[in-house]
Amino acid sequence: VIPHITDEIKHRIQILGKSGEYDIVITEIGGTVGDIESLPYIESVRQLSWELGEHNSMVIHLTLIPFLSAAGELKTKPTQHSVKTLMESGVQADILVCRTEHELSEEIKTKLARFCNVRREAVIQSIDVETIYDVPNKMLAEGLDKVVLEELNLDIQKAPDLTNWNEFVQRHKNPKSEVTIGLIGKYVELQDSYKSILESFIHAGAANEVKVNIESIHSEFLEVDNIDAKLSHLDG
């Protein structure tokens with residue numbers, strides 16, 4: 001890993017923090033632990049954690065707890081191995097956020113804490129939910145906010161106020177009407193190609209208490225002589 005590359009990554013990570021406008025800056029490193037593409041970023045985090053010192057940075061490791069239907073049980077080995085691989089790069093996870101389809105038992109959480117070198121309360125369950133907008137409430141229930149504040153030595157007594165957020169979620173889940181909108185694009189077969197547009201429809205729909213159904217239409221199949229027929233059934 002070339003030093004001036006890691007120095008630049010560390011510089012970019014700290015730009016917002018050094019502005020003095022924020023108490024906490026979240027930086028996501030995508031990909032999978034062990035990937036060659038991630039190595040410069042993981043090395044940068046290792047260096048930065050050392051340079052910033054205790055209580056000034058932390059590492060949250062998002063991991064998957066797969067469920068084997070044949071055995072009828074959740075398996076922790078993949079998480080143990082990914083944490084081990086991360087530690088081989090000099091980075092110790094402070095918190096484990098565990099994606100799962102089924103509830104994690106107290107036994108599994110204790111096992112993960114013991115073998116991954118994290119506190120028991122730092123093992124956070126992130127179970128599948130109806131909508132991604134339910135996740136903040138689930139994280140609050142799991143105590144993720146408290147663990148983060150303790151790790152960063154931040155004393156904030158005020159409880160999180162999620163009133164506006166929950167009102168949005170309720171409108172999103174309980175629309176009073178619905179509308180179908182056609183989204184014309186060249187790459188509609190790729191789910192994330194127009195993600196920001198799709199999410200904006202969800203937000204706009206929630207604000208107006210309307211369920212927005214999106215019908216993807218490939219631009220390649222639209223012609224002057226068939227456009228009216230293909231779009232006539234849409235609301236907008």
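Across the whole structure, a search finds 15 salt bridges, a salt bridge being a side-chain nitrogen of Lys or Arg within 4 Å of a carboxyl oxygen of Asp or Glu. The model is predicted, so local features need pLDDT of at least 70 and side-chain atom pairs count only at pLDDT 80 or more, while totals for chains, interfaces and linings use all residues. Residues are numbered from 1 along each chain as its sequence is written, and side-chain values use heavy atoms, with hydrogens and water left out.

A good place to start is the salt bridge between the side chains of Glu142 and Lys109, with an N to O distance of 3.4 Å. Glu142 belongs to helix H5 and Lys109 to helix H4 (residues 106-116), so this pair ties together parts that are 33 residues apart in sequence. Here helices (H or I, at least four residues) and strands (E, at least two) are DSSP runs, numbered from the N terminus. The two partners differ in their surroundings: Lys109 counts as buried at 9% relative accessibility, whereas Glu142, at 25%, counts as partly exposed. In these terms, buried means under 20% relative accessible area, exposed over 50%, and partly exposed in between (1.4 Å probe, protein chains only).

A further salt bridge joins the side chains of Glu151 and Arg119, at 3.9 Å from N to O. This pair links distant parts of the chain, with Glu151 in helix H6 (residues 144-151) and Arg119 in the loop between H4 and E5, 32 residues apart. Arg119 counts as partly exposed, at 33% relative accessibility. Both residues also take part in a network of salt bridges that links Arg119, Glu121, Glu150 and Glu151.

Helix H7 enters the picture through Lys173, which forms a salt bridge with Asp134; their closest N and O atoms are 2.9 Å apart. Because Lys173 lies in helix H7 and Asp134 in the loop between E5 and H5, the pair ties together parts that are 39 residues apart in sequence. Lys173 is partly exposed, with a relative accessible area of 29%, while Asp134 counts as buried at 12% relative accessibility.

Turning to the rings, the count comes to three aromatic pairs. Rings of Phe, Tyr and Trp (its six-membered ring) pair if their centres lie within 6.5 Å; planes under 30 degrees apart count as stacked, over 60 as edge-to-face and the rest as tilted. For Tyr133 and Trp165, the ring centres are 6.1 Å apart and the planes stand at 55°, so the pair is tilted. Tyr133 sits in the loop between strand E5 (123-127) and helix H5 (135-142), and Trp165 in helix H7 (residues 163-173), so parts that are 32 residues apart in sequence are tied together. Tyr133 counts as buried at 7% relative accessibility, and Trp165 as partly exposed at 31%. Trp165 also forms a tilted pair with Phe168, at 6.0 Å centre to centre and 50° between the planes. Being three residues apart in helix H7, these two are separated by about one helical turn. Phe168 counts as buried, at 13% relative accessibility. Ring pairs thus link Tyr133, Trp165 and Phe168 into a cluster.

Finally, the cysteines: the count comes to zero disulfides, a disulfide being a pair of cysteine sulfur atoms within 2.5 Å. Cys98 is in no disulfide, and the nearest cysteine sulfur, that of Cys116, is 7.9 Å away. Cys98 is buried, with a relative accessible area of 0%, and Cys116 counts as buried at 1% relative accessibility.
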